[in-house]
Amino acid sequence: MINLIYVSKEGSSDNFIQINDVFVDSGNYVKKDNLIIEYETSKATFEMRSDNNGYVYYDITSGEKLRVGDLLYILSENKLKSNQLKKYFVKDKLKNDQFRNVTKKAKLLLKKNKIDVKEIKEELITEKVVINYLNKLNI
């Protein structure tokens with residue numbers, strides 16, 4: 001039996017998680033309740049533990065961000081071959097700026113002032129954030 005474990009939505013405002021640490025190597029055998037992954041959302045840190053005994057497989061690294069709904073890891077009763085895993089681990093690696101939320105008013109201000117969103121470091125970019133940025137530039 002193969003269990004696919006996906007990133008779940010922990011809070012209403014969270015659309016992604018960040019992997020803090022991975023405690024087992026991909027392909028290793030784990031026992032029920034073994035700690036596999038630690039991750040964080042905007043509000044808390046969580047631990048993922050094995051639901052059953054089995055082989056764990058993943059394609060993630062510490063520090064990586066994943067979207068809600070992305071495959072986190074696979075737990076399989078039997079050892080899997082690399083060609084079996086390829087069909088599960090097809091994902092586009094996201095760039096950090098794809099995780100940022102930009103309000104409609106902020107987008108309009110950025111466009112009007114020809115500012116690249118990458119110049120602003122906040123994850124939530126509001127009209128106020130853009131105005132503060134413009135003030136620092138004296139525009």
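Biologist: How many bridges pair S2 with strand S4, and in which sense?
Modeller: Strand S4 (residues 35–40) and S2 are paired over 4 bridges, in the antiparallel sense. Please keep in mind that this is a predicted model.

Biologist: Which residue of S4 does glutamine 18 stand opposite?
Modeller: Glutamine 18 stands opposite glutamate 40 in S4. In S7, glutamine 18 has lysine 65 as its bridge partner.

Biologist: And how many bridges join S2 to S7?
Modeller: Strand S2 (residues 16–22) is joined to S7 by 3 bridges, and the two run antiparallel.

Biologist: What is the strand order of the sheet with S2 and S7 in it?
Modeller: The order is S5-S4-S2-S7, in an open sheet of 4 strands with antiparallel pairing. The edges are taken by strand S5 (45–49) and strand S7 (65–67); each has a single partner strand, so one side of each has no neighbour in the sheet. From one strand to the next, the twist averages 35°.

Biologist: What holds strands of a sheet together in general?
Modeller: Strands of a sheet pair through backbone hydrogen bonds, in either a parallel or an antiparallel way.

Biologist: Back to the edge at S5. How many bridges does S5 have with S4?
Modeller: S4 and S5 pair over 5 bridges in the antiparallel sense. One of the pairs is leucine 35 with its bridge partner arginine 49 in S5.

Biologist: How many residues lie between S4 and S5?
Modeller: There are 4 residues between them, and the two strands form a hairpin.

Biologist: Let us turn to S1. What is the order of the sheet that contains S1?
Modeller: That open sheet of 4 strands has the order S1-S8-S6-S3, and its pairing is antiparallel. Strand S1 (2–6) and S3 are its edge strands, each pairing on one side only.

Biologist: Could you go through the pairs, starting from S1? How many bridges join S1 to S8?
Modeller: S1 and S8 run antiparallel and are joined by 5 bridges. Asparagine 3, for example, has leucine 75 in S8 as its bridge partner. Next, strand S8 (residues 71–76) is joined to S6 by 3 bridges, again running antiparallel. There, tyrosine 57 has isoleucine 74 in S8 as its bridge partner.

Biologist: And at S3, how many bridges are there to strand S6?
Modeller: Strand S3 (residues 29–30) and strand S6 (residues 54–57) run antiparallel and are joined by 2 bridges. Valine 30 stands opposite glycine 54 in S6.

Biologist: Now the helices. At what angle do H2 and H3 pack, and how far apart are their axes?
Modeller: Helix H2 (residues 104–112) packs against helix H3 (residues 127–137) at an angle of about 30°, and their axes are 7 Å apart. That angle makes H2 roughly parallel to H3.

Biologist: Which residues make that contact?
Modeller: H2 contributes Lys105, Ala106, Leu109 and Leu110, while H3 contributes Glu127, Val130, Ile131 and Leu134. The residues of this contact divide into 6 nonpolar, no polar and 2 charged.

Biologist: One last topic, pockets. What volume does the largest pocket have?
Modeller: The volume of the largest pocket is about 250 Å³. It is lined by 13 residues, of which Asp14, Phe16, Thr41, Ser42 and Glu123 are the closest to its centre.

Biologist: How does the lining divide into nonpolar, polar and charged residues?
Modeller: The lining of the largest pocket has 3 nonpolar, 6 polar and 4 charged residues.

Note on methods:
Residues are numbered from 1 along each chain as its sequence is written. This is a predicted model: local features need pLDDT of at least 70, side-chain atom pairs count only at pLDDT 80 or more; totals for chains, interfaces and linings use all residues. Side-chain values use heavy atoms; hydrogens and water are left out. On a 1 Å grid over the protein atoms alone, a cavity is a set of points where a 1.4 Å probe fits but cannot get out, and a pocket is an open set with protein on both sides within 12 Å along at least five of seven lines; lining residues have an atom within 4 Å of a point. Grid points are joined across faces, edges and corners, and a volume is the space filled by probe spheres set on the points. Ala, Val, Leu, Ile, Met, Phe, Trp, Tyr, Cys and Pro count as nonpolar, Asp, Glu, Lys and Arg as charged, and the others, Gly among them, as polar. Axes are lines fitted to C-alpha atoms, for helices over the stretch in contact, and angles run from 0 to 180 degrees between N-to-C directions. Angles under 35 degrees count as roughly parallel, over 145 as roughly antiparallel, 65 to 115 as roughly perpendicular and the rest as oblique. Contact means heavy atoms within 4.5 Å. Two strands pair if DSSP finds at least two bridges between them.
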